[in-house]
Amino acid sequence: MIFPMGLLGRFKRRCIRIRQKARCCGIILSYHRIADVNNDPFQLAVAPRRFREHMEVLRRLTKPVVLNSFASRRRSLGNRWRCAVTFDDGYQDVAEYALPILNAYDIPATIFVSSGCVQTGSEFWWDRLQRCLLTPGRLHWSQLEALDRKLFSSFHDSLIQAERYSQEDFLRYGSWTWKCPIQPTSRHVLFCRMYQHLQSQSAAVRDRLIDILFQICPDAPHTVDAHAMSVDELQALSGNPLIEIGSHTLNHVMLSFLDEQEQLLEVQEGKRTVERLIQRPVASFSYPHGAYTPATLNIARSAGVEIACTTRQTFVSRNNTRLELPRVSPEAWSGEQLEQWLRQVL
Ligand SMILES: [Zn+2]
């Protein structure tokens, strides 16, 4: 049969959608922060008002379920698609702003916490990097001589070029995100290079590098805007019947860069620490930065992880194994956009 071109395109798209729908088992949404913020280079924050819109849409169009529901390959509940809500990292604002909204709509959620940060309620490393490099001020690169120049050897030229970051540039590029194809100033170039470099480092080297950056950036603000929840907040969340606590490694490292022994330590100790803090078993896990290797899957299994989420941006299909469940990040969407997307895929 010969189709006119336009008709053929429509027919193909319809076939793809029918095939997609046949494989679809529901969706898992992935969030990080629920907060009103001015600068968000990693696009991690959803405003509480917008998060409320998202939950209203989910309650109306889907069947909100606990994450463990995706351990089975059942397709839908009644005539509604399953939807699970997850949060990565363990930000304090999830306890403060997301929980009341989840309670109001009776929507369960899993919070994957990086236990090393929660133990101390500290700032996450990427937020430290932003506070240090993406706020106006001078970078005293020449002081590296007296600190640890070797650690920064591959950044020598970038550091010199990024010496100044003005208040005007800070205001002008407030909406810049690290996924933008262009870095508008030398400071943004350094920020992106440093972020990529730090992802591949051990927690000790990474934290040492950022400590030194703070020493050569004396103008960086001392006030911390975003940080991990406290142990008290974690324990209170864990006592809420709608909330499941999962693990997200000990130090939020990129597992794919570590050898198997180091991966095991991060996965196992991260999980054990959360279990100790909340006094109950932890079965779910999410891969920091969505990075893992085939060895990671075996390590997660041997550490007792029963269900794990990636950052692959799609719906859950019958082909997914329970240790590689994809998620969708609706951070930048309005409630209306989320509704349109759900009506398209489900
Ligand atoms: Zn994370």
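**Strands, helices and a shared core**

Phe 112 of strand 7 has Gly 246 as its bridge partner in strand 10. This pair is a handy place to enter the predicted model. Strand 7 and strand 10 run parallel and are joined by 5 bridges. In strand 10, 5 of the 5 residues are buried, so the strand is largely enclosed by the rest of the structure. Ile 243, Ile 245 and Ser 247 point one way from this strand, while Glu 244 and Gly 246 point the other way, and all of them are buried. In a regular strand, side chains alternate between the two faces of the sheet.

Moving across from strand 7 leads to strand 6. These two strands also pair in the parallel sense, over 5 bridges, and Val 85 has Ala 109 in strand 7 as its bridge partner. Strand 6 covers residues 80-89, and 9 of its 10 residues are buried, so this strand too is largely enclosed by the rest of the structure. Strand 1 (residues 24-31) runs parallel to strand 6 and is joined to it by 5 bridges, with Ser 30 standing opposite Thr 86. Strand 4 (residues 62-64) is likewise parallel to strand 6, joined through 3 bridges, and here Thr 62 stands opposite Trp 81.

The chain as a whole sets the scene for these strands. Its secondary structure comes to 13 helices and 14 strands, and buried residues make up 37% of its 346 residues. Among contacts with a separation of 6 or more, 72% link residues 24 or more positions apart. The largest nonpolar core holds 80 residues, with Ile 28 and Ile 111 having the most contacts inside it. Both domain 1 (25-122 + 228-345) and domain 2 (125-216) supply at least three residues to this core. Leaving aside residues up to four places away in sequence, Ile 28 touches Leu 67, Phe 70, Ala 84, Thr 86, Cys 309, Val 316, Leu 325 and Arg 327.

Helix 11 (residues 260-278) offers a simple check on geometry. At 1.5 Å a residue, its 19 residues should span 27 Å, and the C-alpha atoms at its ends are 27 Å apart, which agrees. Which residues of helix 11 are buried? They are Gln 263, Glu 266, Val 267, Gly 270, Lys 271, Thr 273 and Val 274. Viewed down the helix axis, the buried residues fall within an arc of 160°, so they line one face of helix 11. Exposed residues Gln 261 and Arg 276 are carried on the face turned away from that buried side. The cover over the buried residues of helix 11 includes strand 7 (109-113), helix 4 (115-120), strand 10 (243-247) and helix 12 (294-302). Just after helix 11 comes Gln 279, which takes a positive phi of about 60°.

Helix 12, part of that cover, has a buried side of its own. Thr 296, Ile 299 and Ala 300 are buried in this helix. Seen down the axis of helix 12, its buried residues fall within an arc of 100°, so they line one face. Pro 294 and Ser 302 are exposed on the other side of helix 12. Its buried residues are covered by elements including helix 11, strand 11 (284-286) and strand 12 (307-313). Helix 12 is followed by Gly 304, which has a positive phi near 95°.

Helix 5 (residues 125-133) shows another pattern of burial. Here 9 of the 9 residues are buried, so the helix is largely enclosed by the rest of the structure. Those buried residues include Trp 125, Trp 126, Asp 127, Arg 128 and Arg 131. Among the elements covering them are helix 8 (186-199) and helix 9 (203-216).

One of these residues, Trp 126, is touched by Phe 42, which also touches Trp 178 when residues up to four places away in sequence are not counted. Where does Phe 42 lie? It is found in the loop between strand 2 (33-34) and strand 3 (45-46). Phe 42 counts as partly exposed because it has 17 C-beta neighbours inside 10 Å. From C-alpha to C-alpha, Phe 42 and Trp 176 are 9.1 Å apart in space, although 134 residues apart in sequence.

How values were computed. Residues are numbered from 1 along each chain as its sequence is written. This is a predicted model: local features need pLDDT of at least 70, side-chain atom pairs count only at pLDDT 80 or more; totals for chains, interfaces and linings use all residues. A nonpolar core is a set of buried Ala, Val, Leu, Ile, Met, Phe, Trp, Tyr and Cys residues joined through C-beta atoms within 7 Å. A residue is buried if 20 or more other C-beta atoms lie within 10 Å of its own, exposed if 12 or fewer, and partly exposed in between; C-beta atoms are placed from the backbone. Domain bounds come from an automatic or database domain assignment. Two residues are in contact if their C-beta atoms, placed from the backbone, lie within 7 Å. Helices (H or I, at least four residues) and strands (E, at least two) are DSSP runs, numbered from the N terminus. The expected span of a helix is 1.5 Å times one less than its number of residues. The arc is that of the directions from the helix axis to the C-beta atoms. Two strands pair if DSSP finds at least two bridges between them.
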